[in-house]
Amino acid sequence: MGYALELAYGSDAVQWDFESKPCVLTVDDPVLAVDDVRFRRRLEQYLASRPMDLRRTAVVVADKTRLCEYPRYLPVLLSVLTAHGAAPGDLEVYIAYGTHTRQSREECIQAYGTALDTGRWLHHDCAGQTRFVSLGHTRRGTPVRIREDILEATCRVTFGAIAHHYFAGYGGGRKLIFPGLGEKQAIYANHGLFLDRSRRRLADGCRSGALAGNPLAEDLAEVETFRPADLSVHAILDSRGRVCDLLVGQGVAQFEAACARHAAHTAVEGADYDLVLASCGGYPKDINLIQSHKAIHHAAAFVRDGGRLILLAACPDGVGSQTFLPWFDLGGWDAVFERLAGRYEGNGGTALALMEKTRRIRIDLVSALPADIARKIGVGSISMEEARQAVRAHQGTLAVIPNASVLVRRDSEKK
């Protein structure tokens with residue numbers, strides 16, 4: 001008996017028909033536990049129990065690659081803050097780009113909605129004319145350099161979604177201030193901990209879902225002690241990007257609890273398959289190649305050595321970075337590692353991580369990326385129909401992952 005399944009590709013849903021039901025690896029979506037009213041009540045109760053100096057409040061949000069229903073919930077946060085003392089003229093909202101490219105006005109409207117009409121919005125530039133303050137160094141040598149104006153705020157509020165991150169363990173939370181509002185070379189110093197220079201390999205502890213024993217995540221935790229947020233809102237999302245809960249609080253314990261909550265719904269037991277057919281989960285998870293790499297990384301963990309991964313990743317914005325492709329001109333993994341070990345630079349770690357996977361498995365992308373770019377990075381470029389034919393002709397074990405950017409293998413450290 002046949003089996004049909006829809007897989008997201010950009011903003012579209014594409015139907016796939018199978019002769020029999022394959023092994024479908026899915027996220028156990030959390031129950032909806034928040035709405036505008038409940039979110040407002042939580043914020044008001046928290047602020048009532050912990051009075052803060054809100055005269056000059058700075059709110060930090062993520063960019064278009066890490067959305068969490070900002071058009072709906074950000075106006076609630078801003079209105080509660082102003083009701084409790086934040087001066088509207090001094091309220092600032094920072095977009096934590098990290099090293100990402102600045103968004104257009106149209107992209108901001110789509111990402112944040114009417115909230116753009118409240119307060120003064122600032123686009124972070126990690127390498128531009130922004131004034132940075134040096135707060136010291138971590139024990140691992142990372143210089144803590146963060147933009148000056150965020151440090152001058154009387155209250156710092158972060159609002160973003162918790163998500164797995166392939167080398168930082170988890171994204172969101174404390175990462176909004178650093179690397180989100182950090183200086184470029186300071187960010188690279190932290191990201192360089194992804195390399196185990198003594199053993200010339202990627203650091204074992206730098207993996208999705210790992211905080212303890214992860215040198216990069218532990219370094220970020222130390223950075224946080226220099227200037228922690230005064231209030232954090234952590235969004236728990238379902239596989240479609242819908243906010244199911246908003247956790248209001250502050251501190252390390254709250255962040256770790258939010259990460260554990262996210263992992264409880266997104267981590268599954270692992271197995272090795274000959275072929276994995278996966279979707280990033282659609283827009284904005286497959287907005288570009290850099291963002292799609294998260295799905296490549298997660299899905300590849302389910303592919304046996306020598307097996308094949310077919311990934312649906314629309315990539316309407318292309319590669320997503322000008323610093324990614326040049327790494328593939330250096331002559332291979334060893335040359336890239338050597339260059340990065342001497343001086344870590346933008347997206348070098350992502351390039352190296354992709355090279356690790358293409359040495360182990362075959363990867364084919366169904367994508368808008370030009371075929372010459374796919375060849376350059378060591379992956380195949382196939383059409384949707386060619387992908388269908390490959391799946392129909394396949395004789396070995398098969399798994400399908402509808403949302404590979406979110407779902408992770410619980411024992412992925414073995415891959």
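Select Ile290, His293, Ile296, His297 and Ala300 in helix H8, and then add Thr350, Ala353, Leu354, Lys357 and Arg360 in helix H10, because these two groups meet each other in contact, where contact means heavy atoms within 4.5 Å. By class, this contact of H8 with H10 has five nonpolar, three polar and two charged residues; Ala, Val, Leu, Ile, Met, Phe, Trp, Tyr, Cys and Pro count as nonpolar, Asp, Glu, Lys and Arg as charged, and the others, Gly among them, as polar.

Before moving on, please note that this is a predicted model, in which local features need pLDDT of at least 70 and side-chain atom pairs count only at pLDDT 80 or more, while totals for chains, interfaces and linings use all residues. Residues are numbered from 1 along each chain as its sequence is written, and side-chain values use heavy atoms, with hydrogens and water left out.

Now show the whole of H8 (residues 289-300) and H10 (residues 348-360), whose axes come within 11 Å and cross at roughly 40 degrees. Helices (H or I, at least four residues) are DSSP runs numbered from the N terminus, and their axes are lines fitted to C-alpha atoms over the stretch in contact, with angles running from 0 to 180 degrees between N-to-C directions. H8 passes H10 in a left-handed crossing, a term used if the near helix is turned anticlockwise from the far one by less than a right angle, with right-handed used if clockwise.

Next, select H1 (residues 36-49) and H2 (residues 70-83), whose axes come within 10 Å and cross at roughly 30 degrees. The two helices are therefore roughly parallel to each other, a description for angles under 35 degrees. H1 passes H2 in a right-handed crossing, and the residues that meet include Phe39 and Leu43 in H1 and Val76 and Val80 in H2.

The last stops are salt bridges, each a side-chain nitrogen of Lys or Arg within 4 Å of a carboxyl oxygen of Asp or Glu, and the structure holds 32 of them. Select Asp149 and Arg147, whose side chains meet in one such bridge (2.7 Å, N to O). Is Arg147 buried or exposed? Arg147 is buried, with a relative accessible area of 6%, where buried means under 20%, exposed over 50% and partly exposed in between (1.4 Å probe, protein chains only). Then select Arg362 and Asp364, which meet in a salt bridge (2.9 Å, N to O); Arg362 is partly exposed at 45%, whereas Asp364 is buried at 3%. Finish with Arg56, Glu92, Arg120 and Glu152, which salt bridges with shared partners join into one network.

How values were computed
Angles under 35 degrees count as roughly parallel, over 145 as roughly antiparallel, 65 to 115 as roughly perpendicular and the rest as oblique.
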